[in-house]
Amino acid sequence: MLEQTGAIGNIVPVAAQYGHGMVSYLKSKCDYVRNLSKNFDKLKTEEKRLCDIEKDVINEKERNPTMEMTSQCSGWLTEVQKMKDKIQDLRNRYDNTSRRLCGFYPFRSLLKLGKDIVTMTGEIILLREEEKKFTKMEPRPSVSVIKKHPMKINDMPSLDEHVERLIMCLKNDKLKTIGVFGLPGMGKTTVMEHLNDRVGELFEIVFYVTLPVPEMEIVEGIQKKIVEQLNLQVQGHLSSSIMADIISIALANKKHLLLLDQVSSKINLKKVGIHVDKHIHGRVVFACRDRSFCEFTDEEIEIKGLSEVDAKKLFREIVGDIIDQRKCKIIGKKLLDFCSGVPHFIKLIAVRFRNVEDHGTWKSLLNRMRTPSKKILEEMEEFYKAVELIYDSLSKDRQPCLLHSAIFPPDSELYQEYLIECWIGERLIAKNAKKLRPARDEGHEIVTEFESKYLVERCRKAGHFKMPQFLQQIYLKLAYNRENNSKFLVAKGEIEEQQWEDVKRVSLIRQMSFTLPDTPACSEISTLFLQKNPSLTNIPDLFFKYMRELCVLDLYDTRITSLPPSISSLINLRVLYLNNCVQLVELPSQFGKLKSLEILDLRGTGILSLPTVLAQMTGLKCLRVSFKEQNFGYANHINGQRTEMIPSRVIENLSSLQELSIDVDFKNQIWNQIVDRVATEVATLKELTSLCFYFPTLVCFQTFIQNCMLRRRGGNCLKSFRIQVGNHKTENFLQFDFFGYKDERHLRISGGEVISVELSKLFNLVTTLELFGHDSENLSIFSAEELNLVEVCTIKECNEMKSMVP
């Protein structure tokens, strides 16, 4: 009995000890619930402190455009955003709990909420403290040199020596500005491009800017190039003076070189942000035609013609060995003397004599070159004669295409497909062709010929070329002399109404400001370019009244809100560009009278619904449309009445349509409701050869293919298309790009699984096959017959593919 009592006596203190611990434990749990509101207020306080620090970090980045965030700082901001999302979830739980605290909310849930609030408060504090442990900003890396890929001149000492001399000048700290001057075609640009590619070791960053830009935009144009290459993150539209300050700060301690090519007017570099007196590590080299622009430079270098040896070498490379024949050799020597060592001039002459073996022809051409002329300025006379020879060597039907190209702003990068469409519209090419595809092919051949004869220059941007400024002036003179004194109005700034009289082509591209006359008397006008003029908001009601012969009208990127009633006068209009006219919301009723219209571009307008009047334009061959993203969720209304995005039978009635592009975002639910009907109408177009289309589902796409095959038997087949099925976020996303030129046909398939049976009938002419991110295990999706013409097959990122054949 005594032993039992002793045992109990030992148990009591132990129980009391554990009981006390249990009470403390329960008390801490109750505190989570009892102090719920207090702890939540503390959470909000810590959240505000964290957000304040986040704001300070972001502001620091915006105040220092030459710096960028470190990876640690970016990671920290990402964690902050994640934390804010978690806090919002917790806030939602708390708000929901607060409305149910009437004795009915489970204690266990309250306990968990209270504990989560305290835990997250601690995590916020730790994340806030983490911000003090890393470097936030570091200097932004910059691209040292953007290569220009100029022609090889290492074997032409007379050009290369200019580059070497410029490099020596740049190594002299006392020479901050250097001017390069010389007549057109002497090789100034070639020298500048080689200099650009060879000074990477001397400077941290090299800027290369080709002028001219519009008169009032020279400073802004140079600033834009510098800002882009420095990767400066500039928010909003800033004045040029503020931009100059930003650039000046960014370049203060950098070893930089600014190369300005084709300078035609004096430039205040301080307005750009270039301070040669303060930027001790900066240099400026500019190339110009007029030596007077070099008046205040520290050094000037004249680019003279090639040496006799280099000139003969260049001439031989183009003409060939025929130059070694005795009579040709004598005439060739006289021709080179006539060219005065001008590289571009030598190229133009050599092209004309290439593959000409008759000595009499050589002599006749030389005599023509020597014939005096007073048609143009004396300093351009030699160039004019050389270009005239090449022009006369072109076929009669291709000469107008070259002259047409001269109405664009100097050194503009022209998109080849766009220019070809303008030629088609004016019937300069494919006069009797009913199909666009052959006309486009002919246009490509013409541009290739122009390039091979040095009449235009190919740009680095694919599908673009340009025309040097001095050549443009010659082409305009040729146009005046050869096309019955046709007037080409290429205006710079405000023009008088009388200047519109009897003009054939008018180019008012990218003007700062101008006013259109009410009723210009220009009954012979065939082309009118008004594109890239944001200041153009209104076209007078009778503006087009006398333009019955107008064939091409470009209003791209203007701010017009409507087309005037006189649009009905354009009975011969074949090409109309309204793309990017964001303020244009509908087409006038008179639009249906444009019966000759063949190419219509409505992409990027404010038009939410294709007008039913479009169905009357049965001669339309090319239609491009898109629909605004901000209006996806709204019904379309015109004059208070609900309309469809694409009304029934509008597409179906365009029986001559050969090229169709309907650009719709995958978020557009309105499109998803009508796509089946529209696709069915598209499948009925027997002349269609090019299609850009979006199918929301594979089923919809498969139905289209079946209908297309069923209804187009014996008709034309699609020659090119870009088709997207589903969107990038879905498993069944597919994109097909089918394109080609002449006998080449390329098919690129990206993502998803291919519907082999239906597609095989479309792709039996493929010469190049590309698969990207495709799910098939092998190429059994195509039969041997379907791949019969394939010469090249590229497979990338096809992780499921185990073999080429099963």
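Arg-510 is found in the loop between β12 (503-507) and β13 (527-529). Here helices (H or I, at least four residues) and strands (E, at least two) are DSSP runs, numbered from the N terminus. The model is a predicted one, in which local features need pLDDT of at least 70 and side-chain atom pairs count only at pLDDT 80 or more, while totals for chains, interfaces and linings use all residues. Residues are numbered from 1 along each chain as its sequence is written, and side-chain values use heavy atoms, with hydrogens and water left out.

Arg-510 is a good place to start, together with a second loop residue. Phi of Arg-510 is near 55°, a positive value in a residue other than glycine. Tyr-454, in the loop between α17 (436-452) and β9 (457-458), also is not a glycine and has a positive phi of about 60°. For background, most residues other than glycine have a negative phi. Burial is judged by relative accessible area: buried means under 20%, exposed over 50%, and partly exposed in between, with a 1.4 Å probe and protein chains only. Arg-510 counts as partly exposed because its relative accessibility is 30%, and Tyr-454 is partly exposed with a relative accessible area of 27%.

A third loop residue, Ala-406, sits between α15 (399-404) and β8 (414-415). Ala-406 has 0% relative accessibility and therefore counts as buried. Which residues does Ala-406 touch, not counting residues up to four places away in sequence? They are Met-467, Gln-472, Tyr-475 and Leu-476, where contact means heavy atoms within 4.5 Å. Ala-406 and Met-467 are 61 residues apart along the chain, yet their C-alpha atoms are separated by 7.6 Å.

Stepping back to the whole protein chain, there are 22 helices and 26 strands. Of its 806 residues, 49% are buried. Among contacts in the protein chain with a separation of 6 or more, 63% come from residues 24 or more positions apart.

Now to the strands. An open sheet of 5 strands runs in the order β4-β5-β6-β3-β7, with parallel pairing; two strands pair if DSSP finds at least two bridges between them. β4 (205-210) and β7 (299-302) stand at the edges with a single partner strand each, so one side of each has no neighbour in the sheet. On average, neighbouring strands of this sheet are turned by 15° against each other, direction ignored. Such angles run from 0 to 180 degrees between N-to-C directions, and axes are lines fitted to C-alpha atoms, for helices over the stretch in contact.

At one edge, β4 and β5 pair in the parallel sense over 6 bridges, and Phe-207 has Leu-258 in β5 as its bridge partner. Although β4 is an edge strand, 5 of its 6 residues are buried, so β4 is largely enclosed by the rest of the structure. At the other edge, strand β3 (residues 177-181) pairs with β7 in the parallel sense over 4 bridges. Gly-179 stands opposite Glu-300 in β7. Helix α5 (residues 157-170) packs on the sheet, where α5 touches β3, β5 (256-263), β6 (282-288) and β7, and its direction makes about 175° with that of β7. Helix α6 (residues 188-198) lies across β3, β4, β5 and β6, running at about 165° to β5.

These two helices also meet each other. The axes of α5 and α6 are 9 Å apart, and the helices pack at an angle of about 50°. That makes α5 oblique to α6; angles under 35 degrees count as roughly parallel, over 145 as roughly antiparallel, 65 to 115 as roughly perpendicular and the rest as oblique. The crossing of α5 and α6 is right-handed, meaning that the near helix is turned clockwise from the far one by less than a right angle. Residues in the contact include Leu-159, Asp-160 and His-162 of α5, and Thr-190, Val-191 and Arg-198 of α6. By class, the contact of α5 with α6 divides into 7 nonpolar, 3 polar and 3 charged residues. Ala, Val, Leu, Ile, Met, Phe, Trp, Tyr, Cys and Pro count as nonpolar, Asp, Glu, Lys and Arg as charged, and the others, Gly among them, as polar.

Another helix pair is formed by α11 (residues 326-339) and α12 (residues 343-353), whose axes come within 9 Å and cross at roughly 150°. α11 and α12 are therefore roughly antiparallel to each other, and α11 passes α12 in a right-handed crossing. Leu-335, Leu-336, Phe-338 and Cys-339 in α11 meet Phe-345, Ile-346, Ile-349 and Phe-353 in α12. This contact of α11 with α12 has 8 nonpolar, no polar and no charged residues.
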